[in-house]
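Here are my notes on this one, as numbered points. Have the model open while you read.

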Amino acid sequence: MPSFKLRPWFIYGLLLCTSACTKERIIGYEVDQVNVLEDKSRKTKKKNDAEFISILYTNLYQTAISPNQLYKTQNVLYSIGDQDVANEMLLSNYFNTSGITIPKDAVMRMDIDAFIISTFKRFYLRYPSEGEKAFFKQYITNNKAVTVEMVYTAFACSEEYQYY
Amino acid sequence: MNRKNFITKSGIALGGGLLAPYILPSGRLFAKTGSVKADHVVLVMFAGGVRQQESVLGRYLEDSQGVTGAAGNIMPNLFEGNAPNKKIAYGTSVAGKPNGSEPIPKLLTQSMEKSGLLFPEMRAQSAGHYVGLNTLLTGNPGTNQGLKVRPAYPTIFEYLRKHAGFKATDTWFIGNGIGNSTPLLNSSNHKDYGLSYGGNMFAAPVTFSSAGKEVLGNAKTYTRTDLEPMYFMKNFLDQSFALTKDQISSVSNTDEEKTQIKDFIKSVFAKQQAGQLAMPPVTDTGDAVNIMYAAEVLREFKPKMLAVNISGVDSCHSNFTGYLQMLHRADHITGWLWQHIQNNIPEMSGNTIFIVAPECGRNENPNPILDQNDWVAYDHSDANALRVWGLMMGKSVPNIRVGGEAQPVGRLTDIVPTIADVFGILDDVNNSGLIDPLARSLYQRI
């Protein structure tokens, strides 16, 4: 009767085959998948005057501000004690010019959800929280006089827009 | 809740409700401890470095250039004394006559010296411009004060807003430009005060310049109905961002005050366009333009406290003739501002105290720079540069001259306690421990 000699490689192979990984079980706890986004609390650096003006200008005109215009604007804003007043007037001045690229009021009313998200992304570079979304949706829906210009002014003059 | 508890809690709530509106930002229940001497103060920071010799001492060219017989007063609206009658170069220029040979006619029927309180020999605490301006507004010598940073100690605007409960548009600083850190003077960066108590500010010659008009002049005039939703949405966004106190970077005006300021800016551009701005008869300097805008702010806001700075006399570093001309014009525009308040702002007329003081003096000895008349120029760094004067006039201010060349009385740090004294908050300012320990209200110096 022939005798078998167990070789070490055979034993290792056998062990490897019998101790294979078990199939991973997917366990769900009824929580939906969510995307993790930038948090507003992480904006801690204040934009300097030049950054604020050039970012705002680019945001509204979709083109860069000229150095000369930037210099003039910086000086004028610096000459006013209340920076909110200065920024609001600058913005209002921009809104009174042609060449500004903003959605029409009808577009905002047609899909308020999309408008809110795009506005948050445009100004704050983040998605709105559920609370913010709900507030703006309710406010815009209930106040027919609210225009894109008003919403944009509120965002551009807000404190978060001063930070990055 | 039982009946007794209910009544007790309701009583506390009612009492709190009645008292809360009167609690000041400083935490005190009642506004002032001292008596209020006037409802308005206007401080003219007669800056740029003014030598005693050519100003209050009326020496004209006699001391500075060694021209015998050329003494005389070239500041007739502020001081008493006859004008010089030799080598007249401080006036305006008329075709066919030598440069500066036409003095500007005196505006006030009676000089400020004759109507008010003069401290002819005070002491500045620094021979520098920015520190001097700081001293005038903070009452602190500010020896460690750096350039390009806000005052280290609270300004009078902050004291008034915190302790007297003034609103932001009650306090104004009108700077004559954006150079030399001037726009930082409306508030300190002190942890207990700071921008949330700061005064409003315009560096007026820049705000209302052609660039200003280009950047701001075309702003829309929003109605209250337009503004309400904007502020409502903005306030919602700000609430959720919630800046900490040290992150606040602007003066705290209410929404109504902001609207008033915006309307004011637009109205000034409109007046400019229509040529309707009230201005001094001679308006050929940046200082005059600044005073003109200060007058507009006074007319619109009737502030409790307004400080305006001028600095044209600093040309003395290299042009003595220009310095004399600027000094003469600074006198003219200061006189005009007082006259304008009396004649055109009834709410302030008879109810304003007007204070004028330089931020520093100038040297005893000249530098070697000669001007077109071969007159030497003066810097500001020696003991003579610490010699200054102070003038006060207006409601119930006595007509006295306190001290003299041989008997100095008063320090520039006295200006802040004096203003605090006018508004009845002298104790608060003294108790803050943040002003010069040697400073006194000028009323106490008399």
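1. H6(A) passes H7(A) in a right-handed crossing, meaning that the near helix is turned clockwise from the far one by less than a right angle (anticlockwise would be left-handed). H6(A) covers residues 112-124 and H7(A) covers 130-142; helices here are DSSP runs of H or I with at least four residues, strands are E runs of at least two, and both are numbered from the N terminus. Bear in mind that this is a predicted model, where local features need pLDDT of at least 70, side-chain atom pairs count only at pLDDT 80 or more, and totals for chains, interfaces and linings use all residues. Residues are numbered from 1 along each chain as its sequence is written, with chains lettered from A and ligands numbered from 1 in the order in which they are written.

2. The axes of H6(A) and H7(A) come within 10 Å and cross at roughly 125°. That makes the pair oblique. On the H6(A) side, A:Ile112, A:Asp113 and A:Ile116 meet A:Lys133, A:Phe136, A:Lys137, A:Ile140 and A:Thr141 of H7(A); contact means C-beta atoms, placed from the backbone, within 7 Å. By class, that makes four nonpolar, one polar and three charged residues. (Nonpolar is Ala, Val, Leu, Ile, Met, Phe, Trp, Tyr, Cys and Pro; charged is Asp, Glu, Lys and Arg; the others, Gly among them, are polar.)

3. H7(A) also turns up where chain A touches chain B, alongside H3 (67-78), H4 (83-95) and H8 (148-156) of chain A, each giving two or more residues. H4(A) gives the most, with nine residues. In total, the contact takes 36 residues from chain A and 38 residues from chain B. The chain A side has 16 nonpolar, twelve polar and eight charged residues.

4. Now chain B, which has 14 helices and nine strands. Its C-alpha atoms fill a box of roughly 95 × 50 × 40 Å along the principal axes. Of its 446 residues, 52% are buried, which takes 20 or more other C-beta atoms within 10 Å of the residue's own (12 or fewer is exposed, in between partly exposed). Residues 24 or more positions apart make up 71% of the chain B contacts with a separation of 6 or more.

5. Don't mix up H4(A) with H4(B), residues 129-138, where ten of ten residues are buried. Among them are B:His129, B:Asn134 and B:Leu137. What do the buried residues of H4(B) pack against? The partners are strands S1 (40-46), S5 (305-310) and S6 (352-357), plus helices H5 (156-163) and H12 (415-422), of chain B. Just after H4(B), B:Gly139 takes a positive phi of about 75°.

Technical notes
Two residues are in contact if their C-beta atoms, placed from the backbone, lie within 7 Å. Axes are lines fitted to C-alpha atoms, for helices over the stretch in contact, and angles run from 0 to 180 degrees between N-to-C directions. Angles under 35 degrees count as roughly parallel, over 145 as roughly antiparallel, 65 to 115 as roughly perpendicular and the rest as oblique.
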